[in-house]
Each structure stands twice: as C-alpha cells, then as structure tokens.
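Which charged side chains pair with one another, and where do the partners sit along the chain? The report below takes up these points for the structure shown here.

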Amino acid sequence: MDQVKVSPLLETQALSILKAKSPLDSPNFNPTEYLNKLFPNEQSLASLDSVKSKLEHKMGEMNKEAQRLTETQSNKSSDGSKDFDTAKDAIKELFKKIQDIKLKAAQSESMVHDITQDVKSLDYAKRHLTSSVTVLKRLQMLVTAVDQLETMSKNKQYKESAQLLQAVIQLMQHFRTYKSVPQIAQLSERIHALQKELETCVLTELNSGFNVEGQLVGQSWLLHDACLVASVLGDSTKERIIKRYVDLQLVNYRQIFRPSEEVSQLENVSRRYAFLKRILKTCDDEHVEIFPPTWAVSGRICQKFCDYTREDLVLVIKNNGADVKDLLKALQLTIEFEAQLNKRYEKHFKDDDKRVSMFCFDKSISACFQPYLYIYIDAEDATISSMIDSYPQSDIQAEAEDDGTMVVLPSSTDLFYFYRETLVQCSKFSTGKALFDLCQLFSKHLDSYCKTVLLGGLARNERKPVSVDHFRFASLALNTADYCCMTTSQLEEKLKEKVDSGYAEQVDLGGVKEGFLRSISACIDAIVKSLEQACESEFQQMTRLPWGTMDTVGDQSDYVNKMLLIIKQYSTVVGRTIANKRYFRTFNDRFAEVFVTRYLFQIFKCRPISEVGAEQLLLDTHSIKTALLDIPTAGSEGSAPAIYIRIVNKGIGKVESILKTVMSPIEPAEGYVENYILLIGDRHKGNFTRLLELKGIKKPELNPLIDMFQRRLTQHDNLVDNSYILPPDIPHITNSSSSLSSTNLSTSNTLPSSITTSLSTIASNAASNFNAPNSPFRNTSPTNLLATSPTEGTRGRLNENFRKLVMTGMAFRKDLQERREHSQN
C-alpha cells in the first residue's frame, strides 16, 4: 500500500488542532535524538528492558486503534453510497412532477384565452362606441353654442357672449384632429368669423364709449362686458383696447405739454406729474368698473406717460439748456415720482407665483437727465473750489479762538461733511458715470486741499517769526493730514460700494492717500526746521564764545540754558498737540538727528578750541544729551523709546569722541596720535588734519603730526578708511597768523535736507567775531550768567552733571597717561 504524503504545514496544523504533545507525533521526529534523550549515559542503559516493554505496549494500542478506525470508515463509505442513490431518484421524481405542472398550466392558459376572446371584442366595441357618443355630444354642444353666440353677439349681450365664447373655444380644442372632416372645417371657419365680428363690436363699443378727450360717454357696464369678451378673444384684442384707452387718456397731456410751450419747461416738471395724478384719480373713480383688475390699465397709462415725458424732457434740455438749480430740482422731483409709482404698483405681478413685478419705473424718466449731470458735477466743482479757497482764512480764525481743545483743522471736517452730503445726493441721482465723475472730483479737490491748506499753510508759516502758534499749526496740520488719510480710505470704500460695478474697479484714491502721507512727513520736517530756527540765535552765540582762550571750566554755558528752554517749550507744545504718538516719535527721531548734526557743525565753527574749551563743550554736550533724552517723556511718565535712545547716543557719541580728541594734548605727538586712533578709529588723513585745525594747530606744526600719524598707521591694520564721524567740510577761516588749506572729504556723508537752508545762512559768519574786543561774550560776569540761569532745581542738576563730567575727564586723562606709559615700555 502506497504511503499518503501530507505537506509539513498541514501536518503541523493538524497536530495543533489535536493538541498532540508526544515527540513521537512530531513530523520532524528524529529517532537518534529521541534515544539519546532516553539513554543519555551508560548508567541509563539499566532501564533498557522497561523502556522496551513500554514501547511494545504502546505499539499494540496504536495498532488496535488504527484497525478500529479503518473498520468504522469502511462501514460509513457503504452507507453514504446508498444515500446518494436515494437522493438521485428523488430528484428525478421531482423533475417529472414539475414538467407535468407546466404542461397543465399551458393547457389552462389556452382554455382561458379561448373563453375571454369574445369578451375583449365586446370591450373594444364599447370603448369606441363611448368615444363616438362623446364626440357627437360635444359636436352638438358646439353647434348649439355657436348658434347662441351668433344671436347674443347681434343683441350685444357681451357678458353671456364671453361665457359662450370661452366654452366654444374650449370645445373646439377637442376637434383639432378632425379638421380634415368638411363639416368640422366649416364649423371652425364659422367660429373664426364670429371671433372677428365680436372683436370689431368690442372695439366699436370702446370707441363710442369715450369721446376724443378720453371722457366716459357710454354705459360702464356695457364696456365692462365688452372687456370680458376681449379677455376671451386673446391678448391681441386686449392690447388694442388698452392702447386705445391709454392714448385717449393722454391726448390732453400731449396737447398741453408740447416741448415748445412754457408749461413744458424744466422748472414746471411738477405740473406734469400733477396732471398724471388727476388722470389716475379719474381712472380710479370713474373707470375702475370698466376694465378687469388683471389688466392694470392705470399702470399702462403711467408707463406711456413716462415714455412721453422722457422724450419731451430730452428735447427741452437739448433746445433750451438747463440751470443747475432747475436741473437738480426737476431730477429730485422725478426720482420721488418714480418711487411713488413703484410703491403704487408693487403688488402687481406678471405671473401667479409673484416673482416678477409687472411694472418697474426706476429711471423711466430720470434716465433723460443722466447725460446732463455734468452740469451738476461742474457746479459742485466750483463750490468745492470756493470752499477750499476760503479755508486758510477760516482756519486762522478758528485757531485764534481755540481754547486748546482743537485736534484737527476745522476745514477738514467741514470738507468731508460736504463730501458725505454730496455723495448721498449724487447716489440718488445716478450710480453710473456721474458718480464716478464725482469720485474723480473728490480726488482732485482732496489733492488741492492738501496743497492749498496744509502745505500752503506750512509755507505761510515759514515766512513768519517762530512762535508757539507756529508749532501748533504745524502739529494741527499733521493731525489733519492723518485724519484726511484715514477718512479718504473710508470714502474710497463707500464710493466702491455705491458706484456701478463697471466703475468700481476704477475708483482709486491711493494717490490722494499718498499725498496726505507726504504731507505728514512735510509737517514733521517743518516742525524740525522751525525748532532748529528757534535755536539759531543760541547757535550764533555759541560760535562767538572764546573757546580758544578759555582757561576755566564752569557750569554749562548760557547758550545751552536758553537753547534747552526753547527746545523743551516747543517740543512740549508739539507733543501735546500731535494726536498720533507714532508721529511724535518720528519727530523726536528726526529732530535728534538734525540737531546733533547741526550742533557738531557749530562746534567746527568754534575753532580754535583749547583743551579747556573742549572740556566746557563736553560739559555742554552732556547737558544737551540729558535734555534730548527727556523730550519724548516731557509731561508724561515712562521712558524714551529704545530706538530714540540709540539715535541720541550715537550722535552724541560722535561729538564726545571729537571733543575728547581735542582735549588730548599735542605733546607727546605719539600720545595724541594714539588717542586719535583710539577715539576716531580711522586712517583718514583729512579727518586727522581737520581735528588738528579744530585745536588751532598752525600749519608749520601740522606736518610733523601728520608724518607721525602716517607712520603709526602701519602698526594698526584694523582701522577703517573713513569713520565719517566728522561733519562735511566747511569753508576754512583765515586768521592773522595762518591760512589753512581745506581738505576735501567724501561727499557721501551729507547733511539732512531739512537743515541745508540754515547751513547756507550760517556759513557766512566770520570767525573773527570770536575774539572781538567789543564782543558781549568776552567779559561775561557771573552775575549776568546768574541773571539768565534756570531755576534752582535745574542748577542743582547741572552742577551734578558738571561733577560727573569732571570725573569723566579725570578718568579719561588717567587712561591716556596709562596708554602712553604702556607704549613707551
């Protein structure tokens, strides 16, 4: 017997299902390994007999179990074959019975068909007979109705005729497929002729019911019945009746309001609308029972009236022109009249679902005014121009009466209020080209306002002496420009919302907003320039002091006291007036840059400066720095912005570096050069020469120092070519002892544009005034200084600053001495 081969995977799964745990059942059974496990050593061989007997016993049990299973499977195979044969016989018997049932069903169907064939024939006959009877009855009804309709039409019984005519038309719809029958065709022609006859009678009744002026002369009930017949005859007849009635009602209007008549002129447009109201009153009172409500004949009168009026007004305006006052009045009355008509007929709809309105009178008359709205735009142009021309004087008066509460110039709020009213008015007249033209007009005059009122006011201020009012106006102009910029954005959004979609994308006021932003910058520059001009006399006083012969360092100079008082006074006014503190911070940044640059420029005009003079200037510089850092917080708590502090520190740092260099003694030359390299940190020969000139070094003494400077540069590789720490070169001053040649500096480092004018004026001052015998600053007594000194609290703070400066100077000198000793070693 062949051995059955089973896959290892199937055998493993079968063993797991049977939960076989004996190693003998494993498909990977290895006899050698199994025996080695039973007898691992020689001593275990003593149990060989007992193991053998157990295996023989196990083999016997397995043989018995295999024999039992084989017999059981053999018996089951024999019984299964018998059951399968039995099932096959049962299926054959069932199939035979199904064939018998199908045969009997076919025989039954044939029998039923034979029985019902006669019934179907009878049913078809009944259906055809019923249809024929129905057609004959309808034909009889149609013939009878046509005969009656002919009789009633001759007797003018229009109400009954309308009902019969509707019935005839409905009955005739059933005979559309029988028109090939001669009798039906003749009957159809007879009905058509009858409809023509009724239409003629109805039109005749209407013509005879009203006279040539549209007045009712016939019987209203008869006309009402005739209109019922017209409704049945169709839309063509109804439209002819309505057109005739509308023409009769408006015949007097056409005769009275001819374009050439005085009553037809633009200023009398209200009389036209009053005339229509009288016509409508007549229709509602006397003719309301004639026409069916669905005809809405009064609305048709209004439609035709609007068409006639629009055509007439076009001729009137074209031939006679229009005054802006009459044009706007007529347009306003027309728009109101159209709104009244819309409200009167808002419940009349074309269809049953009430979605589409039957009448719409929007722009039915007012459209004729649209091409002539340029007259209105031109008038607004002239009005706004005159307003802007008057604003400078009105703002001056308002500023004179101001109690300190004014935030912006009153002219700006007045202008935008006028803009709002004009926009509302124009949007009622038109949302198309006229409104777009108005938008362009707004843009034009906003730019004009910016130039005439804001920038023009700044220009007028520049021609006046500097005062508190000067700074207040510039600050109010800044607030006004900021307000106008924000309001212009809102105006632009409103215009885009109201104007037609075709023009919305063309509405752009970006250029106007940029103009106001430039005005804000111009206002800040004007304030900075004015504050610099206010300090002009103190700067001039500074250049007249004897800095080259000064032998002692005292308290801060008198010109500093006055200058700081001026700066504090005017900057406080500016800070309190400017509403947007962001712009006040911008002013502080610009002023700090301009002032420090100007102050440094003035220092170079003070040459020669001795070491003591440099110490005094260093003290003054420290006081100025303290005052500048207090400007952003004047009158308020908090600290100055970090960026502003950096600007001040950077600018003042340059001044201090220059003054410390000037404080350095010339002897020894190596020490001075090292101090220059330490403090200035560049290799620029021109800068080195200018600082020597600032110290008052004469030309014969310059060359050795310059040679020393150039030799020492070879020992320093980390120096920049030019530190740009010095201001641009200024005209050199020739004194009695020497004349120094100027050294050209790089032109890349230029002064801010806001101070170029003042620089041109101060360049003409002569340096000979420094040591003039009659100079009022040459022998200034302490008493005079005290007379103009600040308060005791301020003096205490200045003394403290002076003490700190002296300590700084001592430390600086000690540091220089240490550097010299280190270099010698």
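What follows describes a few salt bridges in turn, with their place in the chain and their exposure.

The model is predicted, and its count of salt bridges comes to 24. Three pairs are set out in the table.

| Pair | Closest N to O distance |
|---|---|
| Lys451 and Asp447 | 3.2 Å |
| Glu492 and Lys513 | 3.0 Å |
| Asp721 and Arg683 | 4.0 Å |

The pair of Lys451 and Asp447 lies within helix H14, which covers residues 433-462, and the two partners are 4 residues apart, about one turn of the helix. Lys451 counts as exposed because its relative accessibility is 51%, whereas Asp447, at 29% relative accessibility, counts as partly exposed.

The side chains of Glu492 and Lys513 also meet in a salt bridge, with N to O at 3.0 Å. Because Glu492 belongs to helix H15 (residues 468-498) and Lys513 to helix H17 (residues 510-534), this pair ties together parts that are 21 residues apart in sequence. Glu492 has a relative accessibility of 9% and therefore counts as buried.

A salt bridge joins Asp721 and Arg683 as well, at 4.0 Å from N to O. Asp721 is in the loop between helix H25 (699-713) and helix H26 (756-762), while Arg683 is in the loop between helix H23 (669-679) and helix H24 (685-695), so that the pair ties together parts 38 residues apart in sequence. Asp721 is exposed, its relative accessible area being 58%, and Arg683, with 26%, is partly exposed.

Finally, a network of salt bridges links Arg254, Arg272 and Asp312.

Notes. Residues are numbered from 1 along each chain as its sequence is written. This is a predicted model: local features need pLDDT of at least 70, side-chain atom pairs count only at pLDDT 80 or more; totals for chains, interfaces and linings use all residues. Side-chain values use heavy atoms; hydrogens and water are left out. Helices (H or I, at least four residues) and strands (E, at least two) are DSSP runs, numbered from the N terminus. Buried means under 20% relative accessible area, exposed over 50%, partly exposed in between (1.4 Å probe, protein chains only).
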